[in-house]
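Trainee: I would like to go through this structure with you slowly, asking at each step what a term rests on.
Mentor: Gladly; let us look at it together and set each value against its cut-off.

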Protein chains: 4
Amino acid sequence: MAEYFVGNKEYFPGIGKIKYEGPKSDNPLAFKYYDPDKKVGGKTMKEHLRFAVAYWHSFCGDGTDMFGAGTQKQPWKQDAKDPMEGAEHKLDAAFEFITKLGAEFYCFHDRDIAPEGATPAESEKNLMTIVAKAKERQKATGVKLLWGTANLFSNPRFMNGAATNPDFAVVSHAAAQVKAAIDATIELGGQGYTFWGGREGYMSLLNTDLKREKEHLGRFLVMARDYARSRGFTGVFYIEPKPMEPSKHQYDFDVETVAGFLKQFGLEKDFRMNIEANHAELAGHDFHHELETAAALGLFGSVDANRGDPRNGWDTDQFPMSYYETSLAMLTILKIGGFTTGGLNFDAHIRRNSVDPSDLFEAHIGGMDAFAVGLEVAHRIIQDGKYAAFVKQRYASFDAGDGARFEKGQMKFEELAGLAKEYGSVGFTSGKQERLENLLNQYLLGL
Amino acid sequence: MAEYFVGNKEYFPGIGKIKYEGPKSDNPLAFKYYDPDKKVGGKTMKEHLRFAVAYWHSFCGDGTDMFGAGTQKQPWKQDAKDPMEGAEHKLDAAFEFITKLGAEFYCFHDRDIAPEGATPAESEKNLMTIVAKAKERQKATGVKLLWGTANLFSNPRFMNGAATNPDFAVVSHAAAQVKAAIDATIELGGQGYTFWGGREGYMSLLNTDLKREKEHLGRFLVMARDYARSRGFTGVFYIEPKPMEPSKHQYDFDVETVAGFLKQFGLEKDFRMNIEANHAELAGHDFHHELETAAALGLFGSVDANRGDPRNGWDTDQFPMSYYETSLAMLTILKIGGFTTGGLNFDAHIRRNSVDPSDLFEAHIGGMDAFAVGLEVAHRIIQDGKYAAFVKQRYASFDAGDGARFEKGQMKFEELAGLAKEYGSVGFTSGKQERLENLLNQYLLGL
Amino acid sequence: MAEYFVGNKEYFPGIGKIKYEGPKSDNPLAFKYYDPDKKVGGKTMKEHLRFAVAYWHSFCGDGTDMFGAGTQKQPWKQDAKDPMEGAEHKLDAAFEFITKLGAEFYCFHDRDIAPEGATPAESEKNLMTIVAKAKERQKATGVKLLWGTANLFSNPRFMNGAATNPDFAVVSHAAAQVKAAIDATIELGGQGYTFWGGREGYMSLLNTDLKREKEHLGRFLVMARDYARSRGFTGVFYIEPKPMEPSKHQYDFDVETVAGFLKQFGLEKDFRMNIEANHAELAGHDFHHELETAAALGLFGSVDANRGDPRNGWDTDQFPMSYYETSLAMLTILKIGGFTTGGLNFDAHIRRNSVDPSDLFEAHIGGMDAFAVGLEVAHRIIQDGKYAAFVKQRYASFDAGDGARFEKGQMKFEELAGLAKEYGSVGFTSGKQERLENLLNQYLLGL
Amino acid sequence: MAEYFVGNKEYFPGIGKIKYEGPKSDNPLAFKYYDPDKKVGGKTMKEHLRFAVAYWHSFCGDGTDMFGAGTQKQPWKQDAKDPMEGAEHKLDAAFEFITKLGAEFYCFHDRDIAPEGATPAESEKNLMTIVAKAKERQKATGVKLLWGTANLFSNPRFMNGAATNPDFAVVSHAAAQVKAAIDATIELGGQGYTFWGGREGYMSLLNTDLKREKEHLGRFLVMARDYARSRGFTGVFYIEPKPMEPSKHQYDFDVETVAGFLKQFGLEKDFRMNIEANHAELAGHDFHHELETAAALGLFGSVDANRGDPRNGWDTDQFPMSYYETSLAMLTILKIGGFTTGGLNFDAHIRRNSVDPSDLFEAHIGGMDAFAVGLEVAHRIIQDGKYAAFVKQRYASFDAGDGARFEKGQMKFEELAGLAKEYGSVGFTSGKQERLENLLNQYLLGL
């Protein structure tokens with residue numbers, strides 16, 4: 001079993017490489033639908049889905065919530081003689097887990113993988129020390145970095161924001177972290193670098209200069225991009241919408257808000273959206289809506305794959321399981337050609353009372369299976385072509401004649417208005433929503 | 001009492017001109033706080049607040065809801081020999097009401113004031129016939145048109161949208177209505193023209209080409225603007241964000257979404273936001289947030305003054321009464337110099353069980369009083385200067401030195417990052433939220 | 001095709017009896033999963049599911065919403081010489097539809113089937129006239145009445161409530177309607193009688209004596225029950241929780257609230273819950289939660305089968321389609337032995353833009369298929385026994401020894417407290433939520 | 001200044017006894033409206049409002065949230081040689097704070113005041129050791145215990161619930177804690193004992209026997225009550241509704257749910273509700289609604305005074321500041337005779353970025369002022385009598401004649417129905433909601 005981990009100690013003993021066993025398997029530690037090498041329309045499932053494990057939830061989080069202490073006894077946290085040795089143990093556990101699971105990628109924040117030092121310089125040194133070790137493990141296992149990021153929200157110094165902090169000194173600390181995290185991402189061959197503005201928002205408008213804060217955020221992102229490009233980073237920058245929590249209101253509210261922001265600061269060429277299901281829900285949107293909106297704007301990038309609970313108004317970050325959500329998500333993604341640099345990052349954590357070592361595996365297996373099913377459903381939908389044909393026909397009046405002239409901007413308003421001669425029965429074409437929904441259910445069960 | 005109405009019949013007998021009687025008055029038909037000619041910082045209350053009565057709710061709506069028929073027996077609807085005479089009776093009732101109330105403005109949809117005819121041409125003729133009569137009444141009473149708009153959602157032909165309808169023929173009908181409504185607005189000296197996209201959104205993504213629909217909407221607005229300008233309209237175009245209802249999702253979700261949309265289609269010079277409190281709430285925002293956001297983007301225009309119920313997830317369109325909401329709204333509006341072409345339009349209706357003729361007056365009186373109090377509170381806050389001074393001080397590190405260079409874009413990321421030498425106690429400045437909230441309460445009670 | 005309708009005119013021409021064609025069928029007018037005579041664990045699907053068509057949505061509603069007029073041109077509304085003839089046409093259309101669809105039951109409000117007359121006596125006469133005709137059609141077709149009810153919310157006289165109206169005279173009008181509706185239900189062999197308190201709540205606490213209103217409601221239900229029993233009604237009374245809309249707050253908020261209310265007024269023997277998915281959602285509960293809660297309280301009765309949109313805060317009353325919701329619903333229902341007098345009533349309406357005559361069929365077909373799938377999934381789960389075994393084991397410490405003594409009330413608090421000697425690792429048993437969720441997905445795809 | 005604290009060290013140096021300075025004061029550390037000895041209708045403000053400081057938020061919490069570590073550097077946590085000395089320092093800080101603030105009461109969880117030991121016995125010993133010291137300080141300062149409670153949610157052993165844990169051993173640990181906490185409460189003369197079931201609910205219905213869990217909870221409360229009574233506790237038991245968080249669903253969802261539960265287990269004589277504003281909001285209710293409902297059921301007890309943010313779906317636990325909420329709350333409380341054993345406990349914490357030592361004072365001052373204003377407004381409303389008279393008149397038809405007979409149960413349904421002879425204009429009495437809302441605004445500004 002040594003092939004599945006690279007460190008000195010096995011942190012998930014008794015669990016080997018997770019295998020595909022098919023839909024009838026009653027082995028909780030096997031894939032039922034995710035068959036990595038199965039071809040779906042010219043690419044393998046693995047190539048399509050590009051799964052990533054989130055370092056923070058899986059190896060740092062321990063079940064702590066606002067009402068109680070951690071419950072999950074992660075062995076890699078237990079016998080290190082100092083924080084740097086602890087970080088290396090965690091790295092071993094992470095690569096063991098990712099390798100056994102068979103995920104292709106991982107994602108991390110700077111502080112997930114290396115401890116903060118006494119000064120910015122020491123923090124950076126710690127980070128780069130661990131990065132060197134991670135690089136070795138990447139090489140040894142073939143696991144790759146989907147994207148890196150910096151944690152600009154946990155340290156108390158960011159309590160008033162990071163790039164939007166009213167104190168310029170804090171902005172410089174944010175920059176120090178981002179610079180090092182970009183360097184680390186480049187060093188590890190990361191295909192993307194992500195910004196999530198955990199505290200880039202406000203707690204109260206009474207003490208906030210909203211305009212100035214947003215401008216600082218724009219400035220900061222421009223500078224960070226320029227730095228990364230100057231260092232040879234050719235990957236994609238992601239920005240991750242979230243409407244609130246921990247702040248009362250976060251500037252990157254949703255896809256549309258962020259799209260406007262990116263254009264305002266000339267960032268729309270370099271940045272793409274990293275869209276999270278649970279964040280969509282908190283913003284009052286379907287996950288599918290956010291994906292379609294980003295796709296329509298040409299700004300889709302990557303996915304934080306999880307789910308919320310529609311009854312709970314906070315980020316529950318549960319593992320995705322709804323075939324409806326995964327099918328519609330993959331439908332949008334396939335329609336625009338699939339992932340390029342992005343992937344499906346499990347920004348999800350097991351429940352606080354999921355304390356068996358195998359629970360972390362089972363949760364990821366469930367999420368991967370759910371997206372494998374979603375991929376197959378979406379592929380069937382596209383192959384079948386019924387939806388696309390219906391939608392094309394629905395807008396056919398814009399494909400020729402006056403409609404096409406309207407669409408191309410070749411018509412004056414007076415002329416357009418003049419076309420309306422009789423009320424007649426104009427507009428009474430059924431949207432056929434129920435038929436299309438029924439069809440989705442058929443596709444889901446395998447039409 | 002004849003001076004307060006202009007038609008042949010008094011529709012609100014027994015109710016005269018509403019007067020200011022002061023905070024101790026127990027006359028439900030008197031203003032307690034709104035004293036039109038009282039000066040607040042150089043302008044009268046009337047000049048500041050620019051109240052408008054919404055034709056649709058006050059003279060067309062009758063208490064109907066999804067679960068039952070109308071309850072309010074409006075006499076102007078009862079004895080007309082045909083729809084056009086009915087429209088004129090309604091006009092009389094409206095001008096009587098507005099004049100007795102002492103509001104300076106009104107707002108209307110085309111179909112509110114004139115009935116749809118058998119053809120677009122007849123509808124337009126009906127509209128312009130009533131417009132001529134409205135113009136006389138405006139002249140006779142001094143009441144002005146704040147803005148006009150077209151109802152592109154009630155007629156069944158718009159069931160799949162108006163400018164975003166998948167059937168081009170419907171788009172032309174929408175244009176016919178908007179063209180006539182723009183003409184009507186110009187004829188009546190309207191200071192603005194408003195777009196609210198009641199069905200410009202989708203019921204299901206399964207049958208929707210979201211990208212194409214949004215482009216059609218953009219195209220339509222460009223064409224309508226160009227038409228209006230070609231006809232000499234010099235007023236402002238308003239666009240009114242609303243996230244949903246009746247559609248599942250409406251494209252003009254919130255201020256940020258609309259701002260991005262306006263820029264995408266080059267409309268940001270001519271369009272401003274008409275912000276509604278209840279719509280803000282449905283989008284998950286504070287009314288104050290939407291106002292501040294529009295102000296920061298330079299896109300604030302006008303206000304649909306109402307309130308929702310935070311427990312009810314639909315547009316309850318109640319009259320504004322919260323001093324907190326009106327104070328914070330007026331604070332933002334005063335900070336940016338007050339209304340120019342916009343105003344406070346009561347897009348609100350009395351409750352279904354408010355069936356006394358005086359209820360319509362009392363509701364408006366309450367709303368006007370609430371904004372009069374809000375104006376005074378906001379003025380006190382600005383005069384006192386404590387909030388402004390606190391906020392200025394909070395961001396002072398950006399007013400000089402490195403912070404100012406950062407803000408002006410005169411710094412590279414490496415330099416910024418390099419400024420972070422020691423962690424020290426950087427960033428631990430209290431936001432003083434509780435102090436500022438306590439202060440708001442003091443201002444509210446008259447500090 | 002004459003066998004499928006009983007009147008003189010065919011209202012759904014071109015559509016015959018809906019047949020089961022299996023999962024691969026691409027006929028939108030065929031069942032894919034609902035095979036009425038298929039046995040699932042000893043009963044046929046039809047016996048299990050007891051589908052009912054809701055008269056109000058399917059034959060009265062026409063696509064009207066708060067923002068626009070009806071869109072659906074129902075031929076049965078178009079050529080009647082008076083309201084009573086219209087009612088008979090509607091009856092013909094209804095029985096034609098129900099028969100073609102193959103639903104076993106229907107449900108109605110008094111005003112759905114017969115028009116209000118000029119006096120209570122005339123209204124009752126109208127009702128009983130139509131009831132006689134409905135009885136004939138029931139006999140001719142075999143279609144049965146699941147339950148009847150009275151519409152105590154549409155008429156303006158109920159604007160302040162019905163049984164909770166502050167005006168006693170209105171309470172008597174509510175009683176007149178309920179009495180006649182009970183008589184009608186008995187006459188038609190209805191297996192239940194339902195109360196939904198559309199306006200039994202408040203718009204504002206400022207004008208409401210909440211305690212007195214709730215007592216009036218309790219009194220009213222007691223009296224109505226006694227009347228029905230005295231008339232020989234042996235069926236079940238249902239009460240349908242809904243938290244709000246059209247009222248701001250409705251007294252029958254959710255299952256727990258109603259359970260407390262029933263006990264307070266001694267109604268818990270005769271009343272059971274009619275649980276609606278969309279109402280559960282508006283109350284902040286999963287549909288499954290409300291069903292489980294009612295089951296645990298011994299108060300489950302029947303289901304209003306529909307769905308809401310988790311992004312829209314009003315009663316969208318869409319047809320059920322989520323296999324997750326139908327599976328979990330059927331799981332609870334099967335666990336407690338299945339329906340007795342209750343059934344699955346489609347309290348759902350097609351979208352406003354679903355204007356094809358076939359849309360009404362397709363919507364019901366989709367809902368029936370969704371519940372057929374849910375039934376099969378639930379049956380598989382129960383047969384497999386994994387969930388039940390897990391749960392049983394999870395609580396095993398209460399099945400014997402001290403735990404059992406605690407459960408039976410044979411232990412004092414001091415003794416219980418005294419059992420806690422060492423903290424040890426008490427309580428660290430994984431809830432295995434992810435495993436159980438993964439399993440649900442396997443069951444759903446056919447394990 | 002030594003009179004305001006009792007320990008050896010002053011933890012809030014530079015802040016003395018908070019004094020009333022009146023509405024014009026610009027001293028953030030003075031009361032503007034709360035004048036403890038001011039008489040309002042026969043009782044002083046202090047007697048009316050019975051303010052309590054919540055030990056957990058004010059002396060244990062440090063600004064930690066799910067996204068970051070604590071920010072508030074509480075000196076009482078910094079130089080203790082062991083946990084018990086730390087607990088005593090905290091006690092000193094607490095009594096210093098409460099005394100300086102001038103609150104009459106405090107509330108605590110067992111684990112707030114004393115550290116958990118290595119065994120239940122040691123934990124209890126720790127608790128009673130600190131209780132003895134607290135008793136001295138109560139005596140020295142006059143500060144009293146409003147209520148005590150046990151923290152049954154923070155320790156990992158409660159991850160699956162406490163009294164509802166599927167593992168009986170955990171139930172015994174919960175009992176050990178509750179028993180000791182009851183003993184502590186009795187020893188300190190606490191006027192109440194509170195249950196808040198932080199994890200008494202479920203994360204997933206798939207692994208939960210909801211019925212059995214609720215029965216265990218009922219059993220546990222019965223046993224705990226009997227124990228306390230046997231020990232001579234004559235105070236009130238409070239149960240605190242909350243719908244969710246940290247659990248997905250909490251059994252004590254809202255007032256109505258809890259009322260049904262109390263009756264089911266025969267607890268309604270001994271238990272009263274402790275109602276929290278933020279919890280009401282999370283359950284979809286106005287705070288005022290929950291208070292009125294509890295009052296109507298005769299189950300009102302005490303208040304956890306805070307507020308949520310209607311835009312944020314979690315327990316933000318902010319200090320109350322809305323005069324609307326405090327006025328309506330005090331209106332209900334005064335109407336039923338005011339507090340008896342209960343009081344206004346500030347279950348609220350300062351924002352994470354409120355790091356000045358004075359912020360904790362200012363927050364409490366603001367909350368106390370807000371309730372002082374609410375008290376005065378409510379008193380004015382009651383003195384004025386307009387609301388009461390309106391409501392009485394609105395239901396007058398039930399005060400005599402047939403209405404009264406109906407109310408008393410002296411009428412059969414047939415007779416009631418028979419009273420409805422003519423439809424006429426029955427029921428068209430305006431609810432006057434707008435008038436009553438306007439009046440509230442007048443009262444608020446001092447009518």
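Trainee: What makes up the figure for the area that chain B and chain A bury between them?
Mentor: In this predicted model, chain B and chain A bury about 8,900 Å² between them, with 64% of that area on carbon and sulfur atoms. On the side of chain B, the residues B:L206, B:F413 and B:Y423 supply 11% of the area buried against chain A, more than any other three residues. As for the contact itself, which takes heavy atoms within 4.5 Å, 96 residues of chain B touch 96 residues of chain A.

Trainee: How do you know that the copies meet through the same surface?
Mentor: Of the interface residues of chain B, 100% are also interface residues in chain A, and therefore the two copies meet through the same surface.

Trainee: Why are chain B and chain A said to be related as by a two-fold rotation axis?
Mentor: Chain B is superposed on chain A by a rotation of 180° with 0.0 Å of shift along the axis, and the RMSD is 0.0 Å. The two copies are thus related as by a two-fold rotation axis. The residue of chain B that comes closest to this axis is B:G260, whose C-alpha is at 2.1 Å.

Trainee: Why is the pair B:D399 and A:R212 called a salt bridge?
Mentor: The cut-off for a side-chain nitrogen of Lys or Arg and a carboxyl oxygen of Asp or Glu is 4 Å, and the side chains of B:D399 and A:R212 meet at 2.6 Å, N to O, so the pair satisfies the rule. Between chain B and chain A the count is eight salt bridges, and the rule for polar contacts finds 42 residue pairs across that interface. Helix α7 (residues 210-230) of chain B gives the largest share of the side that touches chain A, 12 residues, and that side as a whole divides into 42 nonpolar, 27 polar and 27 charged residues.

Trainee: What makes up the contact of chain C and chain B?
Mentor: This contact takes 31 residues from each of chain C and chain B, and the two chains bury about 2,800 Å² between them, 60% of it on carbon and sulfur atoms. In chain C, the residues C:F67, C:M159 and C:W314 lose the most area to chain B, together 25% of what that side buries. Four salt bridges are found across this interface, and B:K248 and C:D309 meet in a salt bridge at 2.6 Å, N to O.

Trainee: How do you know that C:R137 is buried rather than exposed?
Mentor: Buried means under 20% relative accessible area, and C:R137 has 9%, so C:R137 counts as buried. C:R137 is found in helix α5 (residues 120-141) of chain C, where a polar atom of its side chain lies 3.1 Å from the backbone oxygen of C:K133.

Trainee: What makes the phi of B:K432 worth pointing out?
Mentor: Most residues other than glycine have a negative phi. B:K432 is not a glycine, yet its phi is positive, about 55°. B:K432 lies in the loop between α15 (413-418) and α16 (433-444) of chain B, and at 6% relative accessibility B:K432 counts as buried.

Conventions. Residues are numbered from 1 along each chain as its sequence is written. Chains are lettered from A and ligands numbered from 1 in the order in which they are written. This is a predicted model: local features need pLDDT of at least 70, side-chain atom pairs count only at pLDDT 80 or more; totals for chains, interfaces and linings use all residues. Side-chain values use heavy atoms; hydrogens and water are left out. Buried area is the accessible area (1.4 Å probe) that two parts lose on being put together, summed over both. Copies are superposed by least squares on the C-alpha atoms of residues with pLDDT of at least 70 in both. A polar contact is a pair of N or O atoms within 3.5 Å; within protein, one must be able to donate a hydrogen and the other to accept it, and residues adjacent in sequence count only if both atoms are side-chain atoms. Helices (H or I, at least four residues) and strands (E, at least two) are DSSP runs, numbered from the N terminus. Ala, Val, Leu, Ile, Met, Phe, Trp, Tyr, Cys and Pro count as nonpolar, Asp, Glu, Lys and Arg as charged, and the others, Gly among them, as polar. Buried means under 20% relative accessible area, exposed over 50%, partly exposed in between (1.4 Å probe, protein chains only).
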